[in-house]
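Reader: I would like a close look at one part of this model. Please keep it brisk.

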Amino acid sequence: MLIENMRNELDKEELLNQAMTFMKEYIDNEEHANVYPDKEALKQLENFDEDLPNQSMNPSKVLELLQKYGSKTTVHHTGGRYYGFVMGSNLPVSQAARLMGDTWDQNAGLHATSPIADKLEEVCERWLVKLLGLPKGTVASFVSGSSMANFYAMLTARNELLYRQGYDVVTKGLYNAKPIRVVLGREAHSSVIKALALAGFGKENFEYVPVDNQGRMLVSEVPELDSNTLLILQAGHVNTGAFDEFLPLCAKAKKVGAWVHIDGAFGLWAAASKEYRYLIEGMEMADSWTTDAHKTLNVPYDSGITFCKDRASLVRTMQASGSYLQFSEHRDGMLYGVEMSRRARGIELWAALKYLGKEGVAELIDTLCENAKYLAGRLQVLGLHIENDVVYNQVITTLDSDVETDRLLLAIQNSGELWCGGAVHQGKKVIRFSVCSWKITKEEIDRSVACIGKLLDTVYIQ
Ligand SMILES: *Cc1c(COP(=O)(O)O)cnc(C)c1O
């Protein structure tokens, strides 16, 4: 009976039309909606707390429930006044391409499972390697996000450093492997630490390098490196947006054959801008890189990328076999990652790149950075202290004391007008602003700053 109903094409068309109407409503309402759902809206989530029903529900009613309770409890990070974490919005063309791709429901595991998914990943790989100025022949693996991209890189670096010393982890396992040295900045991103731990390195073995007040590795403090070392650098510190000094650091590592990985979740994109490329000079000397298209490039979620200079080392680490697998003369995405079945992540990425072109990507990055500087200026006028050198898209601010900073942060988070996250930066509570959405304009910044101005009164009155 149910399956019979689903086979009814009319039913399907009606459902899609209904979903489209709901989506339009959501988009039209974005300007007026709370950036973060208020307590009353969040109470609606209780409507989902039920046991799995025994019986089927009319599909149109299912969508209605999603619209009624779900769409009111979203976080509007796609709009123009969300500054939390480092989260991009989505470009309309990418969002629409995602909807088309989801309808195609392609499996990007092999060329045989989806020629179009495979082709678009091949094209995106070629375009991105050129756009970011990575070495010719660099391979891209399309993963969920930067956490996963970092994990892929750690696994590959580990296996390859040992492989070069005559030890094959894939066949022998780690039981008798020589320990690899891991050198990283004191303020490396938490996902790097997690990826290293997952790859079996053990946190207590890390060699941390002290950092300056922007979180940059102190070059003079880097220990002697060797061909048994993994050096992890950062393009875009998660609080300050600062970049490590790649030229001297990569040169030092290269001389002795250490593996260099760069976590550039949002910072790697600086390479596509003439104005900001200076930040990332020398990064092309590394062996692997992480980035997110769902951050700076404003592609919808699930768009992380691992780049690896040496195709063979990534394939050696990730290759699976099975008599039913049908490899081809094409790219075959599963050669480059852990996953077999996988969403066709290249579709919306390709759409974004094709739409923007090189100039558009550069304009997007320049605009985010310019708006971050504008925001910092406006906040300073209000009397907030700017705690970082605003070199990229991140701004961290404080009031005179941690208590006041906390109060303002809470007031901002409860305002519904804008949303920021908090952090502790080098011992001080800070309010973090990330300008990572194409929807953030100077007008939206003015509106946000006006709101903060009003909230400041309540902070001091308490
Ligand atoms: C966001 C971020 C990550 C983690 O990326 P996800 O896509 O959220 O997994 C890693 N490193 C840095 C520097 C980041 O900003």
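Which residues in α6 meet which residues in α12?

Author: The model is predicted, so local features need pLDDT of at least 70 and side-chain atom pairs count only at pLDDT 80 or more, while totals for chains, interfaces and linings use all residues. Residues are numbered from 1 along each chain as its sequence is written, and side-chain values use heavy atoms, without hydrogens and water.

Start with the α6 side: Leu120, Glu121, Val123, Cys124, Trp127, Leu128 and Leu131. They meet Gly346, Ile347, Leu349, Trp350, Leu353, Lys354, Lys358 and Val361 in α12. Contact here means heavy atoms within 4.5 Å. Helices are DSSP runs of H or I with at least four residues, strands are E runs of at least two, and both are numbered from the N terminus.

Now the geometry. α6 covers residues 115-131, and α12 covers 346-382. They pack at an angle of about 30°, and their axes are 9 Å apart. That makes α6 roughly parallel to α12, a label for angles under 35 degrees (over 145 is roughly antiparallel, 65 to 115 roughly perpendicular, the rest oblique). Axes are lines fitted to C-alpha atoms, for helices over the stretch in contact, and angles run from 0 to 180 degrees between N-to-C directions. The crossing of the two helices is left-handed: the near helix is turned anticlockwise from the far one by less than a right angle, where clockwise would be right-handed.

Look just before α12. Asp332 sits in the loop between α11 (311-318) and α12. Its phi is positive, near 55°, though Asp332 is not a glycine. At 0% relative accessibility, Asp332 counts as buried. Buried means under 20% relative accessible area, exposed over 50%, and partly exposed in between (1.4 Å probe, protein chains only).

Next, follow α12 to a sheet. Four strands form an open antiparallel sheet in the order β8-β9-β11-β10. β8 (385-386) and β10 (421-425) are at the edges with a single partner strand each, so one side of each has no neighbour in the sheet. β8 pairs with β9 (394-398) in the antiparallel sense over 2 bridges. Two strands pair if DSSP finds at least two bridges between them. Ile386 is opposite Thr397 in β9. α12 packs on this sheet and touches β8, β9 and β11 (428-434). The direction of α12 makes about 15° with that of β9.

Elsewhere, there is a sheet of 7 strands. It is open and mixed, in the order β1-β7-β6-β5-β4-β2-β3. Its edge strands are β1 (139-143) and β3 (207-209). The twist averages 20° from one strand to the next. At the β1 edge, β1 and β7 pair in the antiparallel sense over 5 bridges, with Ala140 partnered by Phe307. Val139, Ser141 and Val143 point one way from β1, Ala140 and Phe142 the other, and all are buried. At the β3 edge, β2 (181-185) and β3 pair in the parallel sense over 3 bridges, and Gly185 is opposite Val209.

This sheet has a helix across it too. α7 lies across β1, β4, β5, β6 and β7, running at about 180° to β5. Of its 19 residues, 15 are buried, so α7 is largely enclosed by the rest of the structure. Gly166 follows α7, with a positive phi near 85°.
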